[in-house]
Each structure stands twice: as structure tokens, then as C-alpha cells.
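Welcome! Here is a friendly first tour of a structure that may be new to you. Have the sequence and the 3D view open as you read.

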Amino acid sequence: MTDYAEEQRNELEAIESIYPDSFTVLSEDPTSFTITVNSDAGENDETVQVTLKFTYVENYPDEPPLWEIQAHENLEDLDTEDILTLLQQQAEENLGMVMIFTLVTAVQEKLNEIIDQIKSRREEEKQRKEREAEEAEKQAFQGTVVTIENFLSWKAKFEQDMAELKSKKQKEEEQSGKNKLTGKQLFETDHNLDTSDIQFLEDGGNSVEVDESLFQDIDDLDLDEDDPDFDPLDLGSDED
């Protein structure tokens, strides 16, 4: 008959010696403990970490222990799901044998894979951004390649914009024409125009001063209208 309690005590002692800094006993009945597992250092000394909680069942190791992820750092939900699936697979493969060390080792290898994946994802993201930047620079340098399709699209939009602009201008001109009054309409609507000329004459229109010295006395002029060379336009010219 298998002494399950003895096997569990022996394994617990071995686990404590292997993981002295990360092993913590939570309870003795039932036996429950945690082990914190770290990955190797990745880029910029970054690591991922998970704290596993194990609880012995009465017939362990013929039955798998209970486990759960108590805490984790730098892991996504998908990563924790993968770890739980891995624990299930390893437990089924190792039934009948003490397996805590095997389970923890498998999880640590998984964490190392995850840290490598994180590094790969970052590298791929960096390369993607570089390609996008190069493509954007190339497009800015070359401009848009003209094809029949995009030319026709541009032409249709241009004609539509011009038609809208022309229609808007016509409406503005029509509206302006409606608001512009004719001379007759201005005269009829502005009664001040009726008296404006009269008012001008009253204010000074009849007091225009004339400088008579600018005109020669008609009697002083020696005119011979019968002279064939006579030209009335010469009356204003000066004679020496």
C-alpha cells in the first residue's frame, strides 16, 4: 500500500531545498504552498514571473495536485491560459510519480519562450514601423502615380467643384441684380433727389464769379469776316 503522506513529505523537503528563496508553505492540512518562477532575463533585463500555488490531494501522486496561478508579472491573459494548459498536460503524463519539480521546470521553460516571443514581437513591431516610415517617405518623394482610374476620379471631382462654384457665383450675381436699383427707382425712393439741384443753386449756384480780364474786348479785335483766311477759332490766340 502506497504511503502517500510519506511521499508528500519527502517531496516537500526536496522542493524547499531546490527553491529556498521562492518556496512558501501556506498550510499543512491540506499541504499547500507556493513557488515563484522567473524567466531568464530578456531584452533590457526584462523578465516575466508567475507564482504557482499547489495543494496536495489525499492520493497524490496517483492523483494530480491542485494548482492555480496566484500572481504574475508581464504576462498577458493568453500566456496564463497557456501555462494552465501546460500544467494539465504535464500532470497527466506524470501520474503515479511526484511531479512538482517537473511541473515547475516546464513552467519555467514556458516563461523563457514567452520572453523570447516578447522580444520577437517588439523586433517585428520595430521593423514594421521602419517599413511604414520608408514607404511614407517613398510616397512623399514619388508622389501619387497617375492612372486612368484616379485621373477620371480627380476629373469628376474637379468638374463637380467647378459646377458648384459657378452655380454659387450665378446665384450671388442674380441676388446682387435683384438688390440693385435703377436710376428711376433711386429717384422714386429717394425724395431728396427732387430738390438736390434746387438746393445747390440756392446754396451758391447763382453766385459764380467770372474773371473778365481773361477775355479781350470784342471791339479791340481787328476782324474782317470777309477775309478768306478768317477763322473764328483764331480769336482766342495771342498776337505779337
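## A first look inside

Leaving out residues up to four places away in sequence, Ile-100 touches Glu-11, Ile-15, Phe-33, Ile-35, Phe-54, Tyr-56, Tyr-60 and Pro-65. Please keep in mind that this is a predicted model. The points below start from the nonpolar core, then move to a pocket, a proline in a loop, the salt bridges and some backbone details.

**The nonpolar core**

- The largest nonpolar core has 29 residues, and those that touch the most other members are Phe-33, Ile-35, Val-50, Leu-52, Phe-54, Ile-100 and Leu-111.
- Helices and strands both take part: α1, β2 (31-38), β3 (49-55), β4 (66-73), α2 (77-93) and α3 (100-142) each give two or more residues to this core.
- Which element gives the largest share of this core? That is α3, with eight residues.
- Ile-100 links back to the opening of this tour, as Phe-33, Ile-35 and Phe-54 are among the residues it touches.

**The second largest pocket**

- The volume of the second largest pocket is about 150 Å³.
- Two elements, α1 (4-18) and β1 (23-28), give two or more residues to the lining of this pocket.
- With three residues, β1 gives the most to that lining.
- To find the pocket in your viewer, select its lining residues: Gln-8, Leu-12, Val-25, Ser-27, Glu-28, Asp-29, Pro-30, Thr-31, Tyr-56, Val-57 and Glu-58.
- How do the lining residues divide by character? Five are nonpolar, three are polar and three are charged.

**Pro-30, a residue of the pocket lining**

- Pro-30 sits in the loop between β1 and β2, and it is one of the residues that line the second largest pocket.
- The peptide bond that leads from Asp-29 into Pro-30 is cis, and its omega is near 0°.
- Which residues does Pro-30 contact, leaving aside neighbours within four places in sequence? Its partners are Thr-55 and Tyr-56.
- Along the chain, Pro-30 and Thr-55 are 25 residues apart, yet their C-alpha atoms are separated by 6.9 Å.
- Tyr-56 appears in several places on this tour: it is in contact with Pro-30, it helps to line the second largest pocket, and it is touched by Ile-100.
- Is Pro-30 partly exposed or buried? Pro-30 counts as partly exposed because its relative accessibility is 43%, while buried would mean under 20%.

**Salt bridges**

- Side chains of opposite charge can pair when their charged atoms come close.
- The whole structure has six salt bridges, and the ones described here include pairs in α1 and in α3.
- In one of them, Glu-6 pairs with Arg-9, and their closest N and O atoms are 2.6 Å apart.
- Both of these residues belong to helix α1, where Glu-6 and Arg-9 are three residues apart, about one turn of the helix.
- Glu-6 is partly exposed, at 31% relative accessible area, and Arg-9 is also partly exposed, at 46%.
- Another salt bridge joins the side chains of Glu-125 and Arg-128, with 2.4 Å from N to O.
- Glu-125 and Arg-128 are separated by about one helical turn because they are three residues apart in helix α3.
- Arg-128 also meets Glu-132 in a salt bridge, again with an N to O distance of 2.4 Å.
- Glu-132 and Arg-128 are four residues apart in helix α3, so about one helical turn separates them.
- Taken together, Glu-125, Arg-128 and Glu-132 are linked in a network of salt bridges.
- The members of this network are partly exposed: Glu-125 has a relative accessible area of 32%, Arg-128 has 30% and Glu-132 has 44%.

**Backbone details in the loops**

- Where does another cis peptide bond occur? It joins Tyr-60 and Pro-61, with omega about 15°.
- Pro-61 is part of the loop between β3 and β4, and Tyr-60 is among the residues touched by Ile-100.
- Asn-74 has a positive phi, near 65°, although the residue is not a glycine.
- This asparagine, Asn-74, lies in the loop between β4 and α2.
- Asn-74 is partly exposed, with 46% relative accessible area.

Methods. Residues numbered from 1 in each chain as written. Predicted model: local features only at pLDDT ≥ 70, side-chain atom pairs only at ≥ 80, totals over all residues. Heavy atoms only, no water. 1 Å grid on protein atoms, 1.4 Å probe; cavity = no way out; pocket = protein on both sides within 12 Å on 5 of 7 lines; lining within 4 Å. Points joined across faces, edges and corners; volume = space filled by probe spheres on them. Nonpolar A, V, L, I, M, F, W, Y, C, P; charged D, E, K, R; others polar. Core = buried A, V, L, I, M, F, W, Y, C linked by side-chain atoms within 4.5 Å. Buried < 20%, exposed > 50% of the residue type's maximum accessible area, 1.4 Å probe, protein only. Contact = heavy atoms within 4.5 Å. Salt bridge = Lys/Arg side-chain N within 4 Å of Asp/Glu carboxyl O.
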